[in-house]
Amino acid sequence: MKQTLIICLTLASLQSSAQTGLTMRQCMQYAVEHNHEVKRSELELDNYKASKTGAAGRFLPAVDANIGAQYNFGRAIDPSTNGYTDVSTFYNGYSLQASLPVFDGFNRLHAFRAAKASALMGQSAFRQRQNQTALSVLQAFVSVAYYEGLVKMAKEKVEETTLLLRQTRLLEEVGRKSAADAAQVESQKAEADYELTRQQNLLASSLLELKKEMAFPMQDTLQIFFHRERNFVPSGADNCSLGRENLLVSEGNPELQASRFKMQASKHEWYQARAALFPSLSLSAGLNTTYYHTLHSDKTEPFHTQFKNNMGEYVGVTLSIPLFNRLQTVTGIRRAKNNYRIACEDYEQKQLELEKLSREAWQDWQGYLKQTEQMVEKVEADSIAYQLTRRQFEEGLSTAIDLRTTSAQLLNSKATLLECQLMAIVKEQLIRYYKGETIWTE
C-alpha cells in the first residue's frame, strides 16, 4: 500500500500540468489501430487464413466444364463416316467432368492441419505485433511523461532562481551580499534557463518519437494525459498476481504461441511429405457430346438432335503407385523432418528466453518499487537541506556555491524519483505481456 501511495502521488503531480490529452492506454490503442507494421501483420494473417481455406477445399471434388469449337479446312475425318473428307467442316464439343481423390496417403489431411496451425501461428504473430507496438508506444509515452516532468521541474527552477536573484540584488544594495554572491546566483539563473531549453528540446524529440510509434500525423498536435488507471498503478492484488510463484511464462504469450504453432505446422508438413510414399487412388466421372456440321451443306442434323444422340458418359478409377522419382521424395522427407526438429529447438529456446526476460522484468520491477520508496525519502531530505541552505544564504551563513550544490542535488533526486516511478510502470506492463495478457485493452 505504501508503494501504491507513492506511485499515485507522483502521477497526481503529473496530472496537475494538463487536464486534457490522450492517456497511455488510448495512445497504445491508437497505435494498434494505425501502425503500419500491425496492418502488414494483419494482411499476412489473412494470407494464412486463405491458405487454410484452400487446404480445406482440396477435400471437395474438382469439377470442370469445357466447350470447344473447331473449323477444319482441307483434308479431315468425317465423324459421321469415320472416313477422310476434303470439305470444310465445323466441329463443336462439350464436356463436363468431376474428379475426387479417394486416398492420397493422408496428404490432404496433413496439409489442412499444417495450414490450420499456420493460421493460428499467424494469429499469434498478429497479437505479438500488436503487443510489441503497444510496448514501443508505452516506452515512448513514458519518455514524453519523463521529459514533461523535467520541463516542469526546470520551469520551477527558473522561477525560483529568478526570485532568488531579485532577493540577492536587493541584499547587495543594502550591503548584506557581495557582488560575487550576486554573480553566483546570476550564474545559477542562466544555468536554469539553459536546462529548461535543453529539456524542452528533448521533450519535442520524444514527442516526435511517440508520434512515429503511433503512426500519428506529424503536423498535428499531440497532448498526453498521464491518467491514473488501475492497470498502470500497482495495487496489492496486482502484486500478488505478479508474485514470484507466477513468474513462469504463460502458454498464452503470443511469442510462445507462434513458436509452438510453427512447430506443429512443421510436424504436419513432415507427415505430408511422407504421404508421397503411399499409392493414391482417385475417382473420375464425366459426360461429353459433340455437334458436327459440314459447311455449305443442308443435310446436317439439327443441333439438339446431335447434342442428345452424341451424348456419352464415363466413370473411371485411377490408382497411382510411386516407384522411383530419382530420390526426390526421400530428400523431401529428410528436409521436412529436419525443419520440424529445428522448429522444436526454436520452441524450447523461446521458452528459455522468455522465462529469463520475465524473471528479469520482475526483478527490475521490484527493484524500481524499492528505489522509488527510497528516493521519496531522499527527496524529502534534500528538500529540507535546500530550504535550510537557502535560509542560511539569505542570512549570510552560507555561500552561493553551497546553495547551488544543494539545489542541484535536490533537482537530481526529483528526476531520479520520477524515472524510478515511470520505469516501475513499464516493467509491470512487461510482466503482464510475458504472462500472455493483452496490455493495450481494458
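Helices (H or I, at least four residues) and strands (E, at least two) are DSSP runs, numbered from the N terminus. The model used in these exercises is predicted.

**Exercise 1. The overall chain**

Task: State how many helices and strands the protein chain has, and what share of its residues count as buried.

Solution.
- Step 1. Take the secondary structure. There are 10 helices and six strands.
- Step 2. Turn to burial. The protein chain has 442 residues, and 39% of them count as buried.
- Step 3. Look at the surface. About 25,000 Å² is exposed, with 54% of it supplied by carbon and sulfur atoms.
- Step 4. Check the contacts with a separation of 6 or more. Residues 24 or more positions apart account for 84% of them.

**Exercise 2. The nonpolar core**

Task: Describe the largest nonpolar core and find the element that gives the largest share of it.

Solution.
- Step 1. Size it. The largest nonpolar core has 73 residues.
- Step 2. Find the residues with the most contacts inside this core. They are Met-24, Leu-210 and Met-214.
- Step 3. List the elements that give two or more residues to this core. They are α2 (24–34), α4 (107–173), α5 (179–214), α7 (254–274), α9 (328–394) and α10 (400–434).
- Step 4. Pick the largest share. Helix α4 gives 18 residues.
- Step 5. Take Leu-210 and set aside its neighbours within four places in sequence. Leu-210 then contacts Val-137, Ala-140, Phe-141, Val-144, Leu-222 and Ile-224.
- Step 6. Recall the general trend. In soluble globular proteins, nonpolar side chains tend to be buried together.

**Exercise 3. One side of α2**

Task: Work out where the buried residues of α2 sit around the axis, and what covers them.

Solution.
- Step 1. Name the buried residues of α2. They are Met-24, Arg-25, Cys-27, Met-28, Ala-31 and Val-32.
- Step 2. Use the arc. These residues cover only 160 degrees around the axis, so they lie on the same side of α2.
- Step 3. Find the cover. It includes α3 (36–57), α4, α5 and α10.

**Exercise 4. Two lysines**

Task: Decide whether Lys-427 is buried, partly exposed or exposed, and do likewise for Lys-39.

Solution.
- Step 1. Place Lys-427. This residue lies in helix α10.
- Step 2. Apply the cut-off. Buried means under 20% relative accessible area. Lys-427 has 15% relative accessibility, so Lys-427 counts as buried.
- Step 3. List what Lys-427 touches, not counting residues up to four places away in sequence. The partners are Ala-361, Asp-364, Trp-365 and Tyr-368.
- Step 4. Place Lys-39. This residue lies in helix α3.
- Step 5. Read its accessibility. At 40%, Lys-39 counts as partly exposed.
- Step 6. List its contacts under the sequence rule of up to four places away. Lys-39 touches Glu-33 and His-34.
- Step 7. Compare sequence and space. Lys-39 and Gln-130 are 91 residues apart in sequence, and their C-alpha atoms are 9.4 Å apart.

**Exercise 5. Salt bridges**

Task: State how many salt bridges a search of the whole structure finds. Then explain why Lys-212 and Glu-209 are separated by about one helical turn.

Solution.
- Step 1. Recall the principle. Side chains of opposite charge can pair when their charged atoms come close.
- Step 2. Count. The search of the whole structure finds 18 salt bridges.
- Step 3. Take Asp-104 and Arg-108. Their side chains meet in a salt bridge at 3.0 Å, N to O. Both residues are buried.
- Step 4. Take Lys-212 and Glu-209. Their salt bridge has an N to O distance of 3.8 Å. The two are three residues apart in helix α5, so about one helical turn separates them.
- Step 5. Check exposure. Lys-212 is partly exposed, at 46%. Glu-209 is partly exposed too, at 36%.
- Step 6. Widen the view. Glu-209, Lys-212 and Glu-213 are linked in a network of salt bridges.
- Step 7. Take Lys-356 and Glu-360. The closest N and O atoms of this salt bridge are 3.0 Å apart. The pair is four residues apart in helix α9, which means a separation of about one helical turn.

**Exercise 6. A surface patch**

Task: Identify the residues of the nonpolar surface patch of about 660 Å² and locate Val-317.

Solution.
- Step 1. Name the members. They are Val-102, Phe-103, Phe-106, Leu-277, Phe-278, Leu-283 and Val-317.
- Step 2. Locate Val-317. This residue is found in strand β6 (residues 312–320).
- Step 3. Apply the cut-off. Exposed means over 50% relative accessible area. Val-317 has 58%, so Val-317 is exposed.

Definitions and conventions
Residues numbered from 1 in each chain as written. Predicted model: local features only at pLDDT ≥ 70, side-chain atom pairs only at ≥ 80, totals over all residues. Heavy atoms only, no water. Patch = residues over 30% accessible without salt bridge, like charges linked within 9 Å, V, L, I, M, F, W, Y side chains within 5 Å. Areas by Shrake-Rupley, 256 points an atom, 1.4 Å probe, with all protein chains shown as cover. Salt bridge = Lys/Arg side-chain N within 4 Å of Asp/Glu carboxyl O. Buried < 20%, exposed > 50% of the residue type's maximum accessible area, 1.4 Å probe, protein only. Contact = heavy atoms within 4.5 Å. Core = buried A, V, L, I, M, F, W, Y, C linked by side-chain atoms within 4.5 Å. Arc of directions from axis to C-beta.
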